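Okay, thanks for coming, everybody. I'd like to walk you through one structure today, so let me put it up on the screen.

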Number of protein chains: 4
Amino acid sequence: MSKNNSLAHFEPVNLYEFEALAKLKLPKMVYDYYCSGADDQYTLQDNIEAFKRLRLIPRVLIDISAQDISTTILGVPSSFPLIIAPTAMQRMAHHEGECATARAAAKNGVIMTLSSWSTTNIEDVAKAAPRAPRWFQLYVYKDRDVTAKLVRRAEKAGYLAIALTVDTPRLGRREADIHNKFSLPSHLTMANFTNDDGEKSHMEKGSGSGLAAYVASLIDRSLSWKDIAWLKSITRLPILVKGIVTRADAEIAVRNGVAGIIVSNHGARQLDTSLATIDCLEEVVAGAQGKVPVFVDSGIRRGTDIVKSLALGAQAVQIGRGVLWGLAVGGEEGVDRVLKLLRDEFELALGLCGCRTVKDIRRDMVVRTSELSFGL
Amino acid sequence: MSKNNSLAHFEPVNLYEFEALAKLKLPKMVYDYYCSGADDQYTLQDNIEAFKRLRLIPRVLIDISAQDISTTILGVPSSFPLIIAPTAMQRMAHHEGECATARAAAKNGVIMTLSSWSTTNIEDVAKAAPRAPRWFQLYVYKDRDVTAKLVRRAEKAGYLAIALTVDTPRLGRREADIHNKFSLPSHLTMANFTNDDGEKSHMEKGSGSGLAAYVASLIDRSLSWKDIAWLKSITRLPILVKGIVTRADAEIAVRNGVAGIIVSNHGARQLDTSLATIDCLEEVVAGAQGKVPVFVDSGIRRGTDIVKSLALGAQAVQIGRGVLWGLAVGGEEGVDRVLKLLRDEFELALGLCGCRTVKDIRRDMVVRTSELSFGL
Amino acid sequence: MSKNNSLAHFEPVNLYEFEALAKLKLPKMVYDYYCSGADDQYTLQDNIEAFKRLRLIPRVLIDISAQDISTTILGVPSSFPLIIAPTAMQRMAHHEGECATARAAAKNGVIMTLSSWSTTNIEDVAKAAPRAPRWFQLYVYKDRDVTAKLVRRAEKAGYLAIALTVDTPRLGRREADIHNKFSLPSHLTMANFTNDDGEKSHMEKGSGSGLAAYVASLIDRSLSWKDIAWLKSITRLPILVKGIVTRADAEIAVRNGVAGIIVSNHGARQLDTSLATIDCLEEVVAGAQGKVPVFVDSGIRRGTDIVKSLALGAQAVQIGRGVLWGLAVGGEEGVDRVLKLLRDEFELALGLCGCRTVKDIRRDMVVRTSELSFGL
Amino acid sequence: MSKNNSLAHFEPVNLYEFEALAKLKLPKMVYDYYCSGADDQYTLQDNIEAFKRLRLIPRVLIDISAQDISTTILGVPSSFPLIIAPTAMQRMAHHEGECATARAAAKNGVIMTLSSWSTTNIEDVAKAAPRAPRWFQLYVYKDRDVTAKLVRRAEKAGYLAIALTVDTPRLGRREADIHNKFSLPSHLTMANFTNDDGEKSHMEKGSGSGLAAYVASLIDRSLSWKDIAWLKSITRLPILVKGIVTRADAEIAVRNGVAGIIVSNHGARQLDTSLATIDCLEEVVAGAQGKVPVFVDSGIRRGTDIVKSLALGAQAVQIGRGVLWGLAVGGEEGVDRVLKLLRDEFELALGLCGCRTVKDIRRDMVVRTSELSFGL
Ligand SMILES: Cc1cc2nc3c(=O)[nH]c(=O)nc-3n(C[C@H](O)[C@H](O)[C@H](O)COP(=O)(O)O)c2cc1C
Ligand SMILES: Cc1cc2nc3c(=O)[nH]c(=O)nc-3n(C[C@H](O)[C@H](O)[C@H](O)COP(=O)(O)O)c2cc1C
Ligand SMILES: Cc1cc2nc3c(=O)[nH]c(=O)nc-3n(C[C@H](O)[C@H](O)[C@H](O)COP(=O)(O)O)c2cc1C
Ligand SMILES: Cc1cc2nc3c(=O)[nH]c(=O)nc-3n(C[C@H](O)[C@H](O)[C@H](O)COP(=O)(O)O)c2cc1C
């Protein structure tokens, strides 16, 4: 993204423009994999529209000359309330892949979550950005030894928490991947695995989605609440559960000793026509009863979305695709721009609402149209 | 649909793509007849949108490693809760017509309902797929002898139930059929009738819809509840009523001793601006008071739609057009693919909701936006 | 519309297709005048969408073999519950203009309302179709002698009622007419007036809408409730008020001794963003307290719309533009087709709802989505 | 706009057509600056749609032959309840800029508000139209001397009130301006400032929006309620606050002794996804408790919008972009046409609602769809 490369000709000013540029640069198979939601992509659309249905109520004539938007997440300082969500196979977007993302995270003082299905391994990402606060996202394999090894490597490499993904016992139906017969390009590997492990690091090219076949053959559909105890027995890292959307499950999670809950519908890639996460957030926050922090992702595209998420009880948001678009557009610098853009948008929105700090955000700054004395 | 025919070049991955392919293959008059709804096709659209308005609420961390999606319908095992709805004149879609459908039903272990207006007769369909569980859909003719003969032939040929269609005393206004002057192509016949019967097996080409003229001249507009008793007097087969959308009519149906109720608006082909069936289902289920099973059709296109239908009280769903598109695309193999596709989608959706079996489906897995503590 | 003219090539099957054909045939200025609503035409659209928001609830297994859709309107038999609304200047649509309309009304046994601004005079229309039941629509001129003369001529020529239009003290802003500098083509006249009357029979071509200028200079903005008494003093014909949309005004109307109320927003040509009339109907019916019949127009395009109007308390509906499109497409025969089309659609919709006669129509056959136990 | 220039060929009949013509005439950078809203421009759209969601309820048979639409605003007569909102840099639209606007205001007997960021200075505008009732809109600079000087100059030049803008501690994100690297064309200046003042009268061309940079460097983010007292201490002009959207802030404003409140979201240019102002108006009116007048702007495009605003409690409305489009299309004459157009539309709408004067406007003439006994 330096002056003399092609990006210089068009400076994207929002995540949608980053996506448009990324689409131009990426092979169709890769772009499709990144952008797709499940089935009719109804929830994909709703994830975004749900934020629009929430309206901000700005207060005025409040001195905002000294804004401070930093926060603390599980004891770790964050420059603003945003976490990079785990997204698989980032080297399809840019040859530096997960390393570029980690370095941009470090530079911006935000947490990066590494996917189990990264194309750079746990240790190399740690080495590339030792100062980036890092979480590790865990998929549980039928072979529990494989799973345990991943957890221990993450712990050893200085990752600060395990985000256990709980919404993917089977892979959602992403139709573009089926048409494209999506699989990891042959020069890349699922870098956390070696064939010696007994797990495949390559994905087979088959008749449909190679990833769906991979998940069906290797990921453990029997995963259940009792496995939280097992995980806690093999690591001292805090365990977050990623993919909870109900109050009932939030209550169970708290009883099972999780350290945090991530409200997510996996960017609408799993169960189509499920609710937008922002419409589930308050219920989950109620279920968490203030005992553990609640995070939210899926559909966040704007600084105003972050304000709304915090107003409804989230401690921070996660960003999935947005980071991938930055990565595709300009590697580390692209991710850096995306993070700065969201940071700027968030700070501005916060200020225009009349808030100096994230603590100033109150529930009544956001209104559902149904909460008004009249409907819209 | 074998490797070396044209379909090999494009593998449809959902019912919409099956329809798109079918549209390419079928003569306009046939495609229009199959796809049309009545008048402005408002209910046609609403049948589908109504499912989108219902949102799924997935629960997580439930062991779904051993899913079993089979069920039992009126005492007959079904591989999953789906029935092939009766659709007329299937040999317009594919030369093997109803036989191809019946064989695909047998292969997939689901019930096929044969239309009174089939282009293959009752006995030939039975012979083509003796092991397919089969229902016979009945239209009541002004000439009650003709009607009685149909019922007795179905009983004799091993059909398991009579689905009496009650929403068609007159034919709905399908404007494309009027413009096309739709009539059955001359090489095909309404195969259950011979001209010797006193009923026409050919349809006359007229100034408007040939089918509308056929119905106006032959079908009995005086059909009423008392005819259920008459039907029961001439057959020992269970009688289902197809086309009920109100609680009141469900209650009357139960009092009249029907064996089951099919909530249907005839795929939106009869009365435009009537409610989507999924929006009527719970009322009808309430009217049935658990005394007879309730089924639903009209607008089901996705596995998630089946989950929602069962959550709202249906025992199984029926599929009309979807099967026709499969038939048009690839005959028996096409129907087979459609059934497998819906089966896969259903199983996946069920699993992602956290259910192992159809019995695990609960009302609270689905939410109307109006049932939320807030509106959407 | 005979076999050897151009219409034979395309048979419109609904009012929308009649409009599309009319648009092809009419000069732009004329089509625009006929189709336009006021301002942004928001109510124009809502008049139609409001009917779609109302859903029909069909009942089944009712003997409808002997349907009778006739009714009685102010003591006069009508073949079905439809009245031709007054629309101005019909000879712009077809050279036989109002005479063609009147003859088609006579043939179909429905009432025709003649506009004050007809291009054929009161007496000639009466002569053209002596057996057509006819109402006369009255605009009140500043010059009350002119007004009184119109009323007396209508009475003398056998018109059965006066429909006093009350929503037009000033003409609504129809922007296409302003752009087109709309005025009556010079070979036509406002035929109920002669220049000797002191009123102009020609419309001047000006800088904006000629009709708006005409209304501003001649029509009486001071018209008020007390003028009902005046009207009753000069004629023994029953007086209906056309253009009421509130319960309060309906109550006042009844107190002032009107013979009937026509709920109308003038086909959305007067005050944009006013409510769709079907959304006002029940309120007005409540205001009328069963003392006078209530009619409704604006936005009726389908037989189902007529069923809904009657279910909500109207005794009959009026059709404005639909008749003009028929007239433009085929003169008397075109109007005849439009009337038969609506008649057929109405009879079919009624039957599919499970009704034999208009008396069988009940309020609970139609539902607002907000009346359901759940929202849509 | 005289006969022999290009406008003669197309006479715009509503504000949307004025905008379309303006877009043709203006450089892209200027048009974009004028039309843009913040971020996704969701509130921009909602500002307009919110008026459509409000429906008018016309009453009939009321003598409206003598309409009088004049009113009084803070003691000053106004020919109708409309004020010209402050909009910056009007000489980009037309070389006579703010002077043309002021002269048109004088001619039409309405108040013009001059922006702090005008391209003609306070005194020259006063001189150009001495008889125009004028308000001065104030932005508070970090350098309070600069600010105080502006206030005193306005007072001295005969401006009648200060409208303090309170919704712009930072500039909203208008993405077109960022892409265009918007800045004031070099032949124009922020005319109220001279470089000698210590404030820049030129805007620097930078990497993003020049105006955003200008605001960030010069405008005071610490502005708070206590500054109302400061302002009152330096001028005897009444102080209005512009940009309030909550009841709570309205109450504080009253307690702080403001002379009026302008409900505004800055034409949707500041905080995207905030509520449409017409949806906030009643709350603010409640907060004002009848102690100070309430005005409203943002999204007003039609005479009916003015009626609705008054029905919901506003004393008058403000028009921002509409005036700019008039100015761009035809300078003083263009603004004059826009004002006359809105005046005509308002008078007509008022009359069609059955009102003679603005005092006749009642709350029950407007209905939110949610206030009906049924939903829409
Ligand atoms: C291309 C892609 C890959 C993803 N890979 C993973 C993954 O490996 N593990 C995981 O838990 N979530 C994964 N997710 C889900 C994200 O963590 C996150 O929940 C989602 O992207 C948030 O929605 P957003 O993209 O709208 O911001 C992935 C999402 C995308 C778009
Ligand atoms: C082309 C076509 C023909 C049909 N023929 C019959 C029929 O002969 N008898 C009947 O009871 N229903 C008939 N139906 C209605 C179907 O049984 C079923 O109710 C409807 O198709 C379900 O809606 P879907 O198409 O959205 O799945 C027909 C529907 C279609 C589309
Ligand atoms: C072209 C046209 C001319 C009309 N002229 C009159 C008229 O002269 N007098 C009157 O009371 N209503 C007049 N109306 C209103 C109609 O009587 C009627 O209220 C309206 O057309 C009903 O709406 P619809 O067109 O949607 O059926 C006119 C309407 C149209 C479209
Ligand atoms: C181009 C433009 C410039 C504006 N400049 C100012 C300004 O200098 N000061 C201010 O208080 N408001 C300013 N506004 C906001 C207007 O005063 C007003 O609130 C808004 O335009 C009303 O919305 P409308 O454009 O939909 O009528 C500006 C608006 C526009 C469109």
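Quick bit of vocabulary before the counting starts: I'll call something a salt bridge when a side-chain nitrogen of Lys or Arg is within 4 Å of a carboxyl oxygen of Asp or Glu. With that rule, a search over all chains of the whole structure turns up 112 salt bridges. And please keep in mind that this is a predicted model.

Let me pick one of those pairs inside a chain. In chain B, the side chains of B:Arg53 and B:Asp279 form a salt bridge, at 2.9 Å from N to O. Why care about this pair? B:Arg53 is in helix 3 of chain B, while B:Asp279 is in the loop between strand 9 (260–263) and helix 11 (281–288), so the salt bridge ties together parts 226 residues apart in sequence.

Okay, on to the interfaces, starting with chains B and C. Here 38 residues of chain B are in contact with 35 residues of chain C. Between them they bury about 3,300 Å², and carbon and sulfur atoms give 61% of that.

How many salt bridges are there between chain B and chain C? The count is seven. One example is C:Glu347 with B:Arg170, where the side chains meet at 3.0 Å, N to O. The rule also picks up 16 residue pairs in polar contact across this interface, counting pairs with both residues at pLDDT 80 or more.

Which elements of chain B supply at least two residues each to the side that touches chain C? Those are helix 3 (42–53), helix 7 (175–180), strand 8 (239–244) and helix 10 (247–255). By class, that side of chain B has 15 nonpolar, ten polar and 13 charged residues.

Now the other pair, A and D. There, 35 residues of chain A are in contact with 38 residues of chain D. The buried area is about 3,300 Å², with 61% of it on carbon and sulfur atoms. If you want the top three on the chain A side, they're A:Val60, A:Leu61 and A:Leu352, which supply 23% of the area that chain A buries against chain D, more than any other three residues.

For charges, the rule finds seven salt bridges across the interface of chain A and chain D. Among them is D:Glu175 with A:Arg302, at 2.8 Å from N to O. Polar contacts come to 16 residue pairs, again with both at pLDDT 80 or more.

On the chain A side, helix 1 (15–25), strand 1 (54–56), helix 12 (303–311) and helix 13 (321–352) each supply at least two residues. Helix 13 gives the most, with six residues. The classes for this side of chain A are 20 nonpolar, five polar and ten charged.

Last stop, the fold inside chain C. Eight strands close into a barrel there, in the order 4-5-6-7-8-9-10-11, with parallel pairing. Neighbouring strands are turned by 30 degrees against each other on average, ignoring direction.

To zoom in on one pairing, strand 10 (residues 294–296) and strand 11 (residues 316–319) of chain C run parallel and are joined by two bridges. Within that, C:Phe295 stands opposite C:Ala316 of strand 11. Then there's helix 4 (residues 97–108) of chain C, which packs on the sheet and touches strand 4 (82–84) and strand 5 (111–114). The direction of helix 4 makes about 160 degrees with that of strand 5.

That's my tour, happy to take questions.

How values were computed
Residues numbered from 1 in each chain as written. Chains lettered and ligands numbered in written order. Predicted model: local features only at pLDDT ≥ 70, side-chain atom pairs only at ≥ 80, totals over all residues. Heavy atoms only, no water. Contact = heavy atoms within 4.5 Å. Buried area = accessible area lost by both parts, 1.4 Å probe. Polar contact = N/O pair within 3.5 Å; in protein donor to acceptor, adjacent residues only side chain to side chain. Helix = DSSP H or I, 4+ residues; strand = E, 2+ residues; numbered from the N terminus. Nonpolar A, V, L, I, M, F, W, Y, C, P; charged D, E, K, R; others polar. Pairing = 2+ DSSP bridges. Axes fitted to C-alpha atoms, helices over the stretch in contact; angles between N-to-C directions.
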